[in-house]
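Open the model in your viewer and set it to show cartoon and side chains. The tour below goes from one selection to the next.

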Amino acid sequence: MTAPSQPRVVQTTGEVLGLRRAGDYHVLTLTAPGLPELTRPGHFVALGVGGPHTSMLLRRAFSIHSVQSRGVYGGSLEIVFATHGKGTEWLSRLHRHDQVDIVGPLGRPFALPREPVSCVLVAGGYGSAPMFMLADALRARGCRVDVVLGAATESKLFGVLDAKRIAATLTITTDDGSAGEKGRVTDVLPGVLERTDADVVYACGPMPMLRAVAKVAAAHGAYSQCAVEESMACGIGICMTCVLPVVGDDGVTRMLRSCVDGPVFRGDRVRWDEVGTVPPDTLGAPVSGGHS
Amino acid sequence: MTRAVITHGPRPDAVSAVPDVDMTTNLAGAVLPSPVLTASGCAAAGRELDQFFDITQIGAVVTKSIMLNPRSGRATPRMAETPSGMLNSIGLQGPGIDDFVDRDLAWLRARGARSVVSIAGGSIDEYTRLASKLRHVPDITAIEVNISCPNVEDRGLVFACHAASAAEVVAAVRRNTAPGIPVLAKLSPDVTDIVEIARAVVDAGADGLSMINTLLGMVIDTDTLRPALAGVTGGLSGPAIRPVAVRCVYQVHAAMPDVPILGMGGIRNGLDALEFVLAGASAVSVGTVTFHDPSAPLRVSRELAVALAERGFERLEDAVGYAHRHPDLAPVAGGPARGHGGDADPLVADADLTAGGEG
């Protein structure tokens with residue numbers, strides 16, 4: 001029989017330490033003893049919503065924005081969220097000392113370069129949440145970090161001040177031109193990659209943005225690491241709902257779980273144009289007409 | 001295997017000491033130290049959950065239904081949350097039986113966990129070949145035959161909805177399975193008379209019944225104005241379906257009190273599990289709720305022990321089918337043991353009841 005070794009994941013009841021607004025978003029701080037020490041940039045947590053007798057059974061997944069391993073609370077974490085459903089509405093109404101069931105850290109974090117290379121971090125909306133921990137880790141390795149933040153409008157940018165502090169350069173785009181350059185992150189990204197001679201692009205945000213960023217990175221010969229957003233039920237790899245088509249080392253496409261095989265994938269491995277489908281050459285794909 | 005640190009604060013259902021109740025159950029010949037199992041499709045093959053609780057401590061891991069060949073499953077979206085439940089349309093994604101045996105079952109065996117292997121097929125031949133492949137695999141606790149998954153490729157082949165085809169599948173699996181390994185048929189609730197299907201599969205050789213599978217359901221996205229799932233319809237599971245499941249178990253147990261039942265459908269805590277046991281289940285599976293609480297199977301097992309102890313049951317098996325007793329013989333406050341003047345086995349006194357427990 002195999003014996004348990006050191007834990008990699010924690011299930012704990014967190015207590016709300018704070019909930020504040022940041023533009024159109026909410027930043028929730030929870031006690032999470034034991035979790036900070038295990039967390040790497042790109043990890044996420046799956047939160048139970050609605051309290052102990054909730055009718056909302058599915059956990060909500062959020063990138064970990066920051067962790068604090070010391071302090072009177074013996075470990076805490078922050079997540080950033082937008083209200084777009086019953087679960088996040090419940091989270092947005094939490095008060096100090098309320099309890100939230102936390103499972104984490106989950107998923108595969110961002111892969112970090114061994115050499116002090118030039119890195120560009122690209123985020124859409126609150127996709128920037130995990131990027132600050134990542135920037136710290138990269139800078140600790142001597143990497144140059146440049147940041148591109150994009151959103152529909154200024155109030156949907158997250159972490160602009162922090163980004164200014166950590167980035168060699170910060171480029172901002174908004175769809176409506178209310179902040180930075182009017183347009184999309186991918187409009188400015190080629191110039192940033194050129195200027196910084198970037199080796200790696202890290203991206204987190206909506207799927208269409210990731211698809212576009214991965215293509216721009218590939219065109220510039222840069223590796224890309226993309227943290228995907230797929231709806232999940234469990235976050236721990238047992239429900240099989242959060243899959244997307246990804247090409248493996250063997251060249252074979254499989255439907256991989258974004259919760260345990262991701263959420264961070266190599267941008268050149270995800271079949272972005274076919275996300276939401278099962279490409280016909282996927283391992284075990286239906287012979288014709290689909291599994292009805 | 002690494003294990004999660006579970007650090008829950010005090011909560012109403014917290015259980016610290018497990019009371020001295022004999023939780024051993026005999027599920028169609030498989031003797032299990034705990035009557036709480038995982039549910040097919042809600043635990044993968046146990047490895048992920050072993051991070052959250054010791055999977056050797058529960059009755060068995062019921063693995064996700066495996067088919068003969070690797071299978072990609074369906075496109076996304078594959079799930080939608082519903083009130084106290086969820087709809088899923090995964091499409092039986094899986095690595096195929098050979099890879100499953102080599103990796104997943106080998107891992108469960110090395111881990112020392114009991115495994116109930118769920119199999120699914122699109123034809124009698126596929127079920128036959130699956131059973132034949134498993135025949136030579138050591139240490140399988142039981143085989144669960146998924147004849148009722150509404151997601152299989154050809155809608156014309158929902159075996160579970162027709163007594164004759166359900167029986168044909170079960171007979172093929174039973175014929176090709178080693179004699180000592182129980183074969184459980186998993187029944188669909190989407191039938192007019194579940195007792196009729198239950199009788200057919202038992203006559204065909206099923207050693208026990210797993211019930212219930214998901215109910216076919218549908219959600220329409222009011223923003224896109226389209227079905228929410230890529231597969232259009234999906235299987236409804238979770239506490240929302242629990243009363244349906246309890247009813248099915250009760251009806252089948254009333255009709256065939258000697259047929260062992262593995263009950264499942266929305267079990268969230270020990271009292272939910274107890275409902276199934278009282279209705280006639282010898283063991284239960286915790287399914288969808290595991291998505292919500294990954295430590296649920298072991299927690300439910302402990303809570304069930306507490307619930308039994310609180311009601312004066314010293315052995316789980318004494319509670320199986322207890323709800324079928326004649327109302328006049330219902331225990332007074334204080335539990336069955338005291339209600340029967342200290343009789344340790346409350347069902348012994350009820351041997352003349354038509355719908356007694358299995359004892």
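**Stops in chain B and chain A**

Begin with Pro77(B), which sits in the loop between β5 (61-62) and β6 (79-82) of chain B. Bear in mind that this is a predicted model. Add Thr76(B) to the selection: the peptide bond from Thr76(B) to Pro77(B) is cis, with omega near 0°.

Next, go to chain A for another cis bond. Select Gly104(A) and Pro105(A); the peptide bond from Gly104(A) to Pro105(A) is cis, with omega near -5°. Pro105(A) belongs to strand β7 (residues 99-106) of chain A.

Stay in chain A and select Ala129(A), in the loop between β8 (118-124) and α2 (131-140). Is Ala129(A) buried or exposed? Ala129(A) has 26 other C-beta atoms within 10 Å, and 20 or more count as buried, so Ala129(A) is buried. Leaving aside residues up to four places away in sequence, show Ser63(A), His65(A), Val80(A) and Phe158(A), which Ala129(A) touches. For a distance to check in the viewer, pick the C-alpha atoms of Ala129(A) and Ala152(A): they are 23 residues apart along the chain and separated by 16 Å.

Return to chain B and select two helices, α2 (residues 124-135) and α3 (residues 163-175). Their axes come within 8 Å and cross at roughly 25°. Angles under 35 degrees count as roughly parallel, and α2(B) and α3(B) are therefore roughly parallel to each other. The crossing of α2(B) and α3(B) is right-handed. Which residues make the contact? On α2(B), show Ile124(B), Tyr127(B), Thr128(B) and Ala131(B); on α3(B), show Glu168(B), Val169(B), Ala172(B) and Val173(B). Coloured by class, the contact of α2(B) with α3(B) has six nonpolar residues, one polar and one charged.

From α2 of chain B, move into the loop between α2 and β9 (142-146) and select Asp139(B). The phi of Asp139(B) is near 65°, a positive value in a residue other than glycine. Asp139(B) has 12 C-beta neighbours inside 10 Å and therefore counts as exposed.

The last selection is Val232(B), in the loop between β14 (226-227) and β15 (233-237) of chain B. Here too phi is positive in a residue other than glycine, with a value near 65° for Val232(B). Val232(B) has 14 C-beta neighbours inside 10 Å, so Val232(B) counts as partly exposed.

Key: Residues are numbered from 1 along each chain as its sequence is written. Chains are lettered from A and ligands numbered from 1 in the order in which they are written. This is a predicted model: local features need pLDDT of at least 70, side-chain atom pairs count only at pLDDT 80 or more; totals for chains, interfaces and linings use all residues. Axes are lines fitted to C-alpha atoms, for helices over the stretch in contact, and angles run from 0 to 180 degrees between N-to-C directions. Helices (H or I, at least four residues) and strands (E, at least two) are DSSP runs, numbered from the N terminus. Angles under 35 degrees count as roughly parallel, over 145 as roughly antiparallel, 65 to 115 as roughly perpendicular and the rest as oblique. A crossing is left-handed if the near helix is turned anticlockwise from the far one by less than a right angle, and right-handed if clockwise. Two residues are in contact if their C-beta atoms, placed from the backbone, lie within 7 Å. Ala, Val, Leu, Ile, Met, Phe, Trp, Tyr, Cys and Pro count as nonpolar, Asp, Glu, Lys and Arg as charged, and the others, Gly among them, as polar.
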